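Colleague: I am new to reading models like this one. Please pick a single part, take a close look at it with me, and then show me how it sits among its surroundings.

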Amino acid sequence: MTTPAQTDSTEAKAPTSVVLTDVAAQKVKALIEQEGRDDLRLRVAVQPGGCSGLRYQLFFDERSLDGDVVTDFDGVEVVVDRMSAPYLTGATIDFADRIDAQGFTIDNPNAGNSCACGDSFS
């Protein structure tokens with residue numbers, strides 16, 4: 001027989017928010033430094049729109065909204081509003097700078113379908 005404490009210590013916990021890779025965190029830090037401000041955080045949101053119904057938005061924001069989920073990644077704060085959080089739980093944000101891909105990418109296990117452009121999902 002196992003106790004709840006034993007079960008908790010052996011089970012892998014699912015992410016409760018987005019995950020920012022080290023490469024993406026470094027890029028966000030560099031971009032914030034270019035802005036010359038230390039009050040900015042990366043806000044990730046899901047908005048209606050795009051080919052598949054929902055579209056990602058990534059932008060710098062100094063605001064704190066009621067219900068925000070804030071996660072720190074090596075000094076970079078990533079903020080997700082409470083309405084977007086369920087859509088982004090477990091999503092990984094990365095940054096690519098290759099000839100075949102440039103910019104931030106989001107790998108979202110919650111996306112059932114996505115469009116060919118990769119900017120929207122459902």
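Modeller: Happy to! We will need one term at the outset: a polar contact is a pair of N or O atoms within 3.5 Å, where, within protein, one atom must be able to donate a hydrogen and the other to accept it, and where residues adjacent in sequence count only if both atoms are side-chain atoms. Please also keep in mind that this is a predicted model.

Let's make Asp68 our part. You can find Asp68 in the loop between β3 and β4. Is Asp68 buried or exposed? Its relative accessibility is 19%, so Asp68 counts as buried, because the word buried is used for values under 20%.

Now follow the side chain of Asp68. One polar contact, at 2.8 Å, goes to the side chain of Arg43. The Asp68 side chain also reaches a piece of backbone, namely the nitrogen of Leu65, at 2.8 Å. If we set aside residues up to four places away in sequence, Asp68 touches Arg41, Arg43, Arg63, Val79, Val80 and Asp81.

The pair with Arg43 deserves a second look. Side chains of opposite charge can pair when their charged atoms come close. Here Arg43 and Asp68 meet in a salt bridge, with 2.8 Å from N to O. Arg43 belongs to strand β2, whereas Asp68 is in the loop between β3 and β4, so this salt bridge ties together parts that lie 25 residues apart in sequence. Salt bridges with shared partners join Asp68, Arg43, Asp61 and Arg63 into one network. How accessible is Arg43? Its relative accessibility is 2%, which means that Arg43 counts as buried.

Let's move along that network to Asp61. Asp61 and Arg43 form a salt bridge in which the closest N and O atoms are 2.6 Å apart. Since Asp61 sits in strand β3 (residues 54–61) and Arg43 in strand β2 (residues 41–48), the pair ties together parts 18 residues apart in sequence. Both Asp61 and Arg43 are buried.

Another residue that Asp68 touches is Arg41, so let's visit Arg41 next; its place is in strand β2. With a relative accessible area of 10%, Arg41 is buried. The side chain of Arg41 reaches the backbone oxygen of Arg63 at 2.7 Å. Leaving out neighbours within four places in sequence, the contacts of Arg41 include Asp61, Arg63 and Asp68, which we have already met, and also Phe59, Phe60 and Glu77. As for Val28, its C-alpha atom is 8.7 Å from that of Arg41, and the two residues are 13 apart along the chain.

To see the wider setting, look for salt bridges elsewhere. The count for the model comes to 9 salt bridges. Among them is one between Lys29 and Asp74, whose closest N and O atoms are 3.5 Å apart. Lys29 is in helix α2 (residues 22–35) and Asp74 is in the loop between β4 (69–73) and β5 (76–80), so parts 45 residues apart in sequence are tied together. Lys29 is partly exposed at 32% relative accessibility, and Asp74 is exposed, with a relative accessible area of 60%.

From Lys29 we can step to Val76, which lies in strand β5. The C-alpha atoms of Val76 and Lys29 are separated by 6.6 Å, although the residues are 47 apart along the chain. At 3% relative accessibility, Val76 counts as buried. Beyond residues up to four places away in sequence, Val76 touches Leu20, Ala25, Val28, Lys29 and Thr71.

Leu20 takes us to the nonpolar core. The largest nonpolar core has 21 residues, and Leu20 is one of those that touch the most other members, along with Val18, Leu42, Val44, Val78, Val80 and Leu88. The elements giving two or more residues to this core are α2, β2, β3, β5, α3 (85–88) and β6 (92–97). Of these, α2 gives the most, with 4 residues.

Finally, Leu20 also shows us a sheet: its bridge partner in β6 is Ile93. β1 and β6 run parallel and are joined by 2 bridges. The open sheet has 3 strands in the order β1-β6-β7, with mixed pairing. β1 (19–20) and β7 (102–107) stand at its edges with a single partner strand each, so one side of each has no neighbour in the sheet. Helix α2 lies across β1, β6 and β7, at about 70 degrees to β6.

How values were computed
Residues are numbered from 1 along each chain as its sequence is written. This is a predicted model: local features need pLDDT of at least 70, side-chain atom pairs count only at pLDDT 80 or more; totals for chains, interfaces and linings use all residues. Side-chain values use heavy atoms; hydrogens and water are left out. A salt bridge is a side-chain nitrogen of Lys or Arg within 4 Å of a carboxyl oxygen of Asp or Glu. Buried means under 20% relative accessible area, exposed over 50%, partly exposed in between (1.4 Å probe, protein chains only). A nonpolar core is a set of buried Ala, Val, Leu, Ile, Met, Phe, Trp, Tyr and Cys residues joined through side-chain atoms within 4.5 Å. Contact means heavy atoms within 4.5 Å. Two strands pair if DSSP finds at least two bridges between them. Axes are lines fitted to C-alpha atoms, for helices over the stretch in contact, and angles run from 0 to 180 degrees between N-to-C directions.
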